[in-house]
Amino acid sequence: MARPKRQEERRSQLVAAAQRAIAAHGPDGARLNRVAEEAGLTSGAVLYYYPDIDELMFEANRAGMERFYEGRVRMLESLPDDPVARLVALIDSGLPSGSDDTEVRLLCELGGSAGRNPLMASLLTTLYDRQVGMYQVVLEQGAARGLFALAQPTLVIARNLVALEDAYGYRIVAKHPTLDRAAAAELLREYARLATGHALTS
């Protein structure tokens, strides 16, 4: 039983190494030798665990995206049934932890390649649409309970919130001198206040 667990651990390490390689060199530059270098292994060792390097790259991309949808869905499920608290938590969880956030840097690199890579374009579109739907559910719940007085349809508000996450996330990883995570989160909350008519203090 130990060997499969060890293999799974090694595969997870390679996925993380591939994410770092993509973030550092872009999807087109993250070749086998770059992943091996990040992992501290030989190219042959990487191929032992991932004979198809495209599968490894797909897993790296998928894992980077999982945080911003599946991870946030799990977070919402763990919170009390309060649309206000859930909206605040969604906003706080949609931004990079800082300029060195590997997963967000990965998504920025993938966004730059989407125009010439149909698979990446499809994955990013799906991620965006799922995040929009996630926000819509919370907004609709708040409106139905009389907590939110929505200034626009939920689809418009949700699309704007996700787009703002993406835009501010890019600025954070690009090391904007006056726009850190805390400032970006407050700007997002300010838009959400205007859109929902709620102070969002809890």
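Start by selecting S93, which sits in helix α6. What you have open is a predicted model, and this residue is a handy doorway into it.

**Stop 1: S93**

Is S93 buried or exposed? It counts as buried because its relative accessibility is 19%, and the cut-off for buried is under 20%. Now show the side chain of S93 together with the backbone of L90: a polar atom of that side chain lies 3.1 Å from the backbone oxygen of L90. Next, look for partners beyond the four nearest places in sequence. There S93 is in contact with F68, R72, M75 and R181. Keep R72 displayed, as we will meet it again.

**Stop 2: E165**

Move on to helix α9, residues 154-173, and pick out E165. This glutamate has a relative accessibility of 2%, so it counts as buried. Which residues surround it, once neighbours within four places in sequence are set aside? E165 is in contact with R72, L90, G94, L95, Q131, Y135 and L188. Zoom in on one of these, Y135: its side chain and that of E165 make a polar contact at 2.5 Å. For another view, draw a line between the C-alpha atoms of E165 and A185. These two residues are 20 apart along the chain, and the line spans 8.6 Å.

**Stop 3: Y135 and the largest nonpolar core**

Stay with Y135 and display its own surroundings. Apart from neighbours within four places in sequence, Y135 is in contact with R72, L87, L90, I91, A158, L161, V162 and E165. R72 is thus listed for S93, for E165 and for Y135.

Y135 also belongs to the largest nonpolar core, which has 27 residues. Which of its members touch the most others? Select L87, L95, Y135, L161 and L200 to see them. Color the helices that supply at least two residues each to this core: α6 (83-93), α8 (118-144), α9 and α10 (181-196). A second core of 26 residues is separate from this one, and includes V15, M120, L123 and V173.

**Stop 4: two positive phi angles**

Most residues other than glycine have a negative phi. Two residues here are worth selecting with that in mind.

Go to L200 in the segment after α10. Its phi is positive, near 55°, and it is not a glycine. L200 counts as buried because its relative accessibility is 4%, and it is one of the core residues you have just selected.

Then jump to K175, in the loop between α9 and α10. K175 is not a glycine either, yet it has a positive phi of about 65°. Is K175 buried or exposed? K175 is exposed, because its relative accessible area is 61% and exposed means over 50%.

**Stop 5: zoom out**

Finally, show the whole protein as a cartoon. How many helices and strands are there? You will find 10 helices and zero strands. Along its principal axes, the C-alpha trace spans about 60 × 40 × 30 Å. The protein has 202 residues, and 39% of them count as buried. Looking at contacts between residues at least 6 apart in sequence, 69% join residues at least 24 apart.

Switch to a surface view to end the tour. The accessible surface comes to about 10400 Å², with 53% belonging to carbon and sulfur atoms. If you color by charge, there are 23 positive and 26 negative charges, and their mean positions are 3 Å apart.

Key: Residues numbered from 1 in each chain as written. Predicted model: local features only at pLDDT ≥ 70, side-chain atom pairs only at ≥ 80, totals over all residues. Heavy atoms only, no water. Helix = DSSP H or I, 4+ residues; strand = E, 2+ residues; numbered from the N terminus. Buried < 20%, exposed > 50% of the residue type's maximum accessible area, 1.4 Å probe, protein only. Contact = heavy atoms within 4.5 Å. Areas by Shrake-Rupley, 256 points an atom, 1.4 Å probe, with all protein chains shown as cover. Lys, Arg positive; Asp, Glu negative; His and termini not counted. Charge placed at Lys NZ, Arg CZ, Asp CG, Glu CD. Polar contact = N/O pair within 3.5 Å; in protein donor to acceptor, adjacent residues only side chain to side chain. Core = buried A, V, L, I, M, F, W, Y, C linked by side-chain atoms within 4.5 Å.
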